[in-house]
Amino acid sequence: MYTEQKIMKVFITRRIPQEGLKILSQAGVCKVLMWDSDEPVSRAELLKGVAGAHGLLCLLSDKIDTEVLDAAGPNLKVISTLSVGFDHMAMDEIKKRQQLLLCRPLHVLCRGVRVGYTPGVPTDATAELTVALLLATARRLPEGMVEVINGGWSTWKPLWLCGYGLSGSTVGVIGLGRIGMAIARRLKPFGVKKLLYSGRTDKSYAAEVEGEYVPLDTLVSESDFVVVSCALTPDTQGLCNKDFFCKMKNTAVFINTSRGAVVNQEDLYQALSSGQIACAGLDVTTPEPLPTDHPLLTLKNCVVLPHIGSAIYSTRGIMAELSANNLLAGLQGTDMPSELKF
Ligand code: DGY
């Protein structure tokens with residue numbers, strides 16, 4: 001006697017690390033269709049690729065909205081994102097589909113569209129990158145390199161390319177979650193005097209870094225370094241705006257490695273160009289990629305990176321493995337290693 005195995009369709013929106021592909025091909029439960037390129041899939045190809053799929057493995061740059069869910073159709077059981085952030089997915093729409101499916105007759109064994117993500121995996125990589133970006137911005141490393149290359153380095157000058165140091169400083173972390181805490185742990189040994197944090201709730205684990213829970217206004221006005229590490233939600237969208245930058249010290253450094261939309265970029269441009277704040281380091285922007293003629297890129301006191309927080313080979317490999325395992329569990333209706341509960 002043999003059981004007929006139903007092969008399910010999976011669409012992957014980009015070339016992903018081999019570690020993830022290997023897991024999917026060895027599992028033998030799905031037929032994988034992958035957009036085999038490092039460049040993003042076009043909207044038309046995404047809609048075509050996802051049609052009739054049981055599983056979708058996507059990236060943070062793919063907008064997973066009603067149109068994509070409709071294009072996938074009723075087969076869709078699982079969306080697995082190769083990211084810790086999930087603001088690129090229309091969670092309300094996905095939730096609605098879960099509720100609709102739950103209303104179906106009970107003999108239809110279907111749990112709705114489940115979502116997998118990769119929390120925890122990029123924590124260390126993102127925290128390291130945040131520290132690197134903070135130091136590069138505050139100590140003006142990109143400017144210094146340009147001066148060396150362009151022949152601007154004529155002699156040693158006492159105030160040339162001076163910046164700001166962490167020793168004896170006050171650092172404010174907005175969002176002391178997993179990544180925020182990993183950043184705080186790494187910054188403390190630089191001689192940070194005071195570590196402030198703000199967010200929805202006081203965190204007992206903040207004691208490890210002697211973190212002081214303060215209202216956002218206090219953090220913004222007292223910090224020498226403001227580090228944004230919160231998730232993008234309706235509450236945090238545009239949080240760093242004119243009002244916010246006006247409260248910062250003129251000598252303060254602003255760092256964002258969470259999501260671009262937490263910042264009002266026009267207001268940030270004004271704050272940087274008017275000297276309202278000293279400098280900014282961004283690993284995330286709106287949009288991504290940031291157009292090369294964007295005003296922020298004309299500023300010497302703004303360091304912009306192309307969203308590389310988790311870009312360490314091993315980290316991306318583990319993220320791909322976890323996304324593949326989340327996807328398989330969603331296809332097979334078993335427990336996911338990292339399921340997003342919403
Ligand atoms: C994520 O996984 O959401 C990060 O932004 C990647 O760097």
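**Exercise 1. The loop that holds H307**

Task: State in which loop H307 is found, and what is notable about its backbone.

Solution. Step 1: in this predicted model, H307 is found in the loop between β12 and α11 (313-332). Step 2: the phi angle of H307 is positive, about 50 degrees, although H307 is not a glycine. Step 3: H307 also belongs to the residues that surround the ligand.

**Exercise 2. The surroundings of the ligand**

Task: Determine which residues surround the ligand and how they divide by class.

Solution. Step 1: list the residues with a heavy atom within 4 Å of the ligand. They are L60, S83, V84, G85, R259, H307, S310 and M319. Step 2: sort this shell by class, which gives 3 nonpolar, 4 polar and 1 charged residues.

**Exercise 3. Polar contacts of the ligand**

Task: Identify which residues place an N or O atom within 3.5 Å of an oxygen atom of the ligand, using V84, G85 and S310 as the cases to examine.

Solution. Step 1: examine the backbone. A polar backbone atom of V84 is 2.7 Å from an oxygen atom of the ligand, and a backbone N or O atom of G85 lies 2.8 Å from a ligand oxygen atom. Step 2: examine the side chain of S310, where an N or O atom is 3.2 Å from an oxygen atom of the ligand. Step 3: consider the area. Taken alone, the ligand exposes 230 Å², of which the protein buries 93%.

**Exercise 4. An open sheet and two helices**

Task: Describe the order of the strands in the open sheet of 5 strands, and explain why β2 and β5 stand at its edges.

Solution. Step 1: the order is β2-β1-β3-β4-β5, and the pairing is parallel. Step 2: β2 (30-34) and β5 (114-116) each have a single partner strand, so one side of each is left without a neighbour in the sheet. Step 3: on average, neighbouring strands of this sheet are turned by 20 degrees against each other, direction ignored. Step 4: look at one pair. Strands β3 (residues 55-58) and β4 (residues 78-81) pair over 4 bridges, and L57 has S80 as its bridge partner in β4. Step 5: add the helices. Helix α1 (residues 18-27) lies across β1 (8-12), β2 and β3, at about 145 degrees to β2. Helix α2 (residues 43-50) lies across β1, β2 and β3 and runs at about 165 degrees to β1.

**Exercise 5. Cis peptide bonds**

Task: Locate P287 and P289, and give the form of the peptide bond that precedes each.

Solution. Step 1: P287 is placed in the loop between β11 (279-282) and β12 (302-304), and P289 lies in the loop between β11 and β12. Step 2: the bond from T286 to P287 is cis, with omega near -5 degrees. Step 3: the bond joining E288 and P289 is cis, with omega about -5 degrees.

Notes:
Residues numbered from 1 in each chain as written. Predicted model: local features only at pLDDT ≥ 70, side-chain atom pairs only at ≥ 80, totals over all residues. Heavy atoms only, no water. Polar contact = N/O pair within 3.5 Å; in protein donor to acceptor, adjacent residues only side chain to side chain. Areas by Shrake-Rupley, 256 points an atom, 1.4 Å probe, with all protein chains shown as cover. Nonpolar A, V, L, I, M, F, W, Y, C, P; charged D, E, K, R; others polar. Pairing = 2+ DSSP bridges. Axes fitted to C-alpha atoms, helices over the stretch in contact; angles between N-to-C directions. Contact = heavy atoms within 4.5 Å.
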